[in-house]
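Trainee: I've got a new model open and I'd like to learn how to read it feature by feature. Can you walk me through it?

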Amino acid sequence: MANNLTPRPFIIPIFVPNMGCPHRCVFCDQVSITGHEGGKLSRRQVRERISEFLGFKGDHRGRVEVAFYGGNFLGLQKSYRQSLLDEAQGFVEGGRVESIRFSTRPDTITREALETLAPYAVRVVEVGAQSMDDAVLSLSRRGHTAEDTKMSVRLLKNHGLRVGLQIMPGLPGDTPESILETGRRAAELEPDFARIYPTVVVKNTVLEKWYDSGQFKPLSLADAIDLTKRLYLLFKARGISVIRMGLQAVGSLLEPGAVVGGPFHPAFGHLVHSEIFLDLAVQELEMQETLSKRIALKVHPHDVPKLRGLRNHNIKQLIQRFHLKAIQVLPDPALPENALRVAGLPQPGFAIRKIKCYGLSKL
Ligand code: SF4
């Protein structure tokens, strides 16, 4: 059943901020991150939220999933957890929702906990791995090890569940090497998908104090983009889709002072994709023996903004680097996505080059 799932479901998020957490990890304040107040949701509130979201779902949207996010779902008191699941399951049985998913800590994923899910249409579990380096996990006061993550993924797969892994490059103690090693070790677990959230310093967290005292230095935006790009390509090379890069720019995170440091950008994922297209264009243009001063780059219409970059950053970079006079960006629906064609060269014929994924050995 899991393999029949389409990649882009219509997700109805129900937030349980920091609920079920055994303690607070140094970087975390889910009220700021999710934009939702904490406190126990009643069954009625869950029902109302699901009904409200179903009202937004257009006819063109496909499969509907209810998702419990922002806390440690399997750490919730069993009776409360089941009351939330009962409510979601009611919509499944009514035919309006297809399945349920949630996020949870690796150390709460046990055989016993998974057996309690049997009556419910839970199909996907997102595991907060954050790092596969035990020293980094310890410094971040996660309270679990990389081995816990490995075991949890195995258990979930044995239960026939789809698995998502969340990782956070740039945690305390991280280096570019440990970040890429986390990517390799996470990819070896063969999750169905991954989310990459470079660490930002959120107000009212331990990390904020460490940042203020100089004890913690976050990644720069440029380094976070570069490392996330490498992780993205690493996962892609293993056939693992990356469904999110960078924290979602929700209302409370955008409030002045909510993020006090680190590589937060409302369009972080776009910046990573643009960097990948910049690399692709550079690679392609460097291979040309001669270049006319005016060239055209053709990409699939969906990829035009990625090739241009934010405020045409990539085009300006390419013009400068290759001493060009102008670059025309032409959308070409005949091209596949993630491909680039250079036109306007003196040689007959065009070059087509698809995005290459870095092999693990090249990282
Ligand atoms: S990171 Fe996860 S486990 Fe840690 S405090 Fe936040 S929600 Fe809880």
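Mentor: Sure. Start with what counts as near a ligand: a residue is near a molecule if its C-beta atom, placed from the backbone, lies within 6 Å of it. Keep in mind that this is a predicted model.

Trainee: Which residues surround the ligand here?

Mentor: The shell is made of Asn 18, Cys 21, Arg 24, Cys 25, Cys 28, Gln 30, Gly 71, Asn 72, Arg 105 and Gly 128. Sorted by character, the shell holds 3 nonpolar, 5 polar and 2 charged residues.

Trainee: Let's zoom out. How is the chain divided into domains?

Mentor: Domain 1 runs over 2-266 and domain 2 over 287-356. Taken over C-alpha atoms, the centres of the two domains are 36 Å apart.

Trainee: Now helices. What span should helix α9 have?

Mentor: Use the rise per residue. At 1.5 Å a residue, the 17 residues of α9 (residues 221-237) should span 24 Å, and the end C-alpha atoms are indeed 24 Å apart, so the two agree.

Trainee: And which residues of α9 are buried?

Mentor: First the general idea: an α-helix has 3.6 residues a turn, so residues three or four places apart point the same way. In α9 the buried ones are Ala 224, Ile 225, Leu 227, Thr 228, Lys 229, Leu 231, Tyr 232, Leu 233, Leu 234 and Phe 235. The cover over these buried residues includes α7 (176-188), β6 (193-196), β8 (241-245) and α11 (268-286). Just past the helix, Gly 239 has a positive phi of about 75°.

Trainee: Where does α3 fit in? I'd like the same check on its span.

Mentor: Helix α3 (residues 78-93) has 16 residues, which at 1.5 Å each should span 22 Å; the end C-alpha atoms are 21 Å apart, and that agrees. Its buried residues are Arg 81, Leu 84, Leu 85, Glu 87, Ala 88 and Phe 91. Among the elements covering them are α2 (43-56), β2 (64-69) and β3 (99-104). After α3 comes Gly 95, with a positive phi near 80°.

Trainee: How many residues does the largest nonpolar core have?

Mentor: It has 72, and the residues with the most contacts inside it are Ile 14, Val 66, Ala 88, Leu 165 and Ala 186. Helix α9 gives the most to this core, with 8 residues. Leaving out residues up to four places away in sequence, Ala 186 touches Ala 129, Met 132, Leu 165, Ile 167, Pro 191 and Ala 194. There is also a second, separate core of 14 residues, which includes Ala 281, Ile 315, Ile 327 and Val 342.

Trainee: What about backbone oddities? I keep hearing about the sign of phi.

Mentor: Most residues other than glycine have a negative phi. Arg 141 is not a glycine, yet its phi is positive, near 55°. Arg 141 sits in the loop between α5 (134-139) and α6 (146-158). Arg 311, also not a glycine, has a positive phi of about 50°. Its place is the loop between α12 (304-308) and α13 (313-321).

Trainee: Why does Arg 311 count as exposed?

Mentor: Count neighbours: 12 or fewer other C-beta atoms within 10 Å makes a residue exposed, and 20 or more makes it buried. Arg 311 has 8 C-beta neighbours inside 10 Å, so it counts as exposed. Arg 141 has 14 other C-beta atoms within 10 Å, so it is partly exposed.

Trainee: Is Asp 29 buried or exposed?

Mentor: Asp 29 is buried, because it has 21 C-beta neighbours inside 10 Å. This residue lies in the loop between β1 (10-15) and α1 (30-34). Setting aside neighbours within four places in sequence, Asp 29 is in contact with Val 202, Asn 204 and Thr 205.

Trainee: One last loop: where does Gln 248 lie?

Mentor: Gln 248 is in the loop between β8 and α10 (251-254). With 14 C-beta neighbours inside 10 Å, Gln 248 counts as partly exposed. Gln 248 and Tyr 197 are 51 residues apart in sequence, and their C-alpha atoms are 9.3 Å apart in space.

Note on methods:
Residues are numbered from 1 along each chain as its sequence is written. This is a predicted model: local features need pLDDT of at least 70, side-chain atom pairs count only at pLDDT 80 or more; totals for chains, interfaces and linings use all residues. Ala, Val, Leu, Ile, Met, Phe, Trp, Tyr, Cys and Pro count as nonpolar, Asp, Glu, Lys and Arg as charged, and the others, Gly among them, as polar. Helices (H or I, at least four residues) and strands (E, at least two) are DSSP runs, numbered from the N terminus. The expected span of a helix is 1.5 Å times one less than its number of residues. Two residues are in contact if their C-beta atoms, placed from the backbone, lie within 7 Å. A nonpolar core is a set of buried Ala, Val, Leu, Ile, Met, Phe, Trp, Tyr and Cys residues joined through C-beta atoms within 7 Å. Domain bounds come from an automatic or database domain assignment.
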